[in-house]
Amino acid sequence: MDIREEKIGSSVKVMIIGRLTADCADQFKQYMQEALARGRRFVLDLSEMEYVDSTGLGAMVFVLQRISEAGGELKIASLQAKPRVVFDITKAYKIFDIYPGVEKALAALEPPQQA
């Protein structure tokens with residue numbers, strides 16, 4: 001797993017590349033805990049995430065809880081077919097806000113612009 005981060009407006013886009021599994025779930029949780037120092041609004045860009053196992057999904061739930069406890073928000077963007085199967089089987093889609101693309105997820109996070 002590789003993680004890339006980009007600040008977009010008042011949000012932080014975090015891209016997970018590769019596989020989020022038991023081997024790297026703790027690394028992901030640690031990274032996101034540290035990211036809370038850089039922002040409160042997050043988009044998890046999963047367009048390059050090939051696979052997630054139950055431990056990886058558990059890490060995502062842990063991160064969602066921590067961000068919520070800190071008064072932040074987390075949106076998921078671009079969930080691919082293979083990882084989506086795990087979300088469907090576990091019904092995790094009920095606890096995450098999932099968007100078809102990063103732009104829509106960011107729009108859901110960003111405050112409306114004043115005219």
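**Rings, a buried aspartate and two cores**

Colleague: Which residue lies over the face of Tyr-31?

Modeller: This is a predicted model, and in it Arg-38 lies over the face of Tyr-31, at 5.7 Å from the ring centre.

Colleague: And what sits over the ring of Phe-62?

Modeller: That ring has the charged end of Lys-29 over it, 4.7 Å from the centre of the Phe-62 ring.

Colleague: How many aromatic pairs are there?

Modeller: The count comes to one aromatic pair. Its rings are those of Phe-87 and Phe-96, with centres 5.7 Å apart and planes at 55 degrees, and the pair is called tilted because planes count as stacked under 30 degrees and as edge-to-face over 60.

Colleague: Are those two buried or exposed?

Modeller: Phe-87 and Phe-96 are both buried, and they are among the residues that touch the most other members of the largest nonpolar core, which has 29 residues.

Colleague: Which element gives the most to that core?

Modeller: Helix 2 does, with six residues, and the elements giving two or more also include strand 3 and helix 3. Apart from this core lies another, of six residues, with Ala-77 and Val-102 among them.

Colleague: Changing topic, where is Asp-45 found?

Modeller: Asp-45 belongs to strand 3, which covers residues 41-45, and because its relative accessibility is 3%, Asp-45 counts as buried.

Colleague: What does the side chain of Asp-45 join up with?

Modeller: A polar contact of 2.8 Å links it to the side chain of Ser-47. Leaving aside residues up to four places away in sequence, Asp-45 also touches several others, including Lys-13, Ser-78 and Val-102.

Key:
Residues are numbered from 1 along each chain as its sequence is written. This is a predicted model: local features need pLDDT of at least 70, side-chain atom pairs count only at pLDDT 80 or more; totals for chains, interfaces and linings use all residues. Side-chain values use heavy atoms; hydrogens and water are left out. Rings of Phe, Tyr and Trp (its six-membered ring) pair if their centres lie within 6.5 Å; planes under 30 degrees apart count as stacked, over 60 as edge-to-face and the rest as tilted. Buried means under 20% relative accessible area, exposed over 50%, partly exposed in between (1.4 Å probe, protein chains only). A charge sits over a ring if NZ of Lys or CZ of Arg is within 6 Å of the ring centre and within 35 degrees of the ring normal. Helices (H or I, at least four residues) and strands (E, at least two) are DSSP runs, numbered from the N terminus. A polar contact is a pair of N or O atoms within 3.5 Å; within protein, one must be able to donate a hydrogen and the other to accept it, and residues adjacent in sequence count only if both atoms are side-chain atoms. Contact means heavy atoms within 4.5 Å. A nonpolar core is a set of buried Ala, Val, Leu, Ile, Met, Phe, Trp, Tyr and Cys residues joined through side-chain atoms within 4.5 Å.
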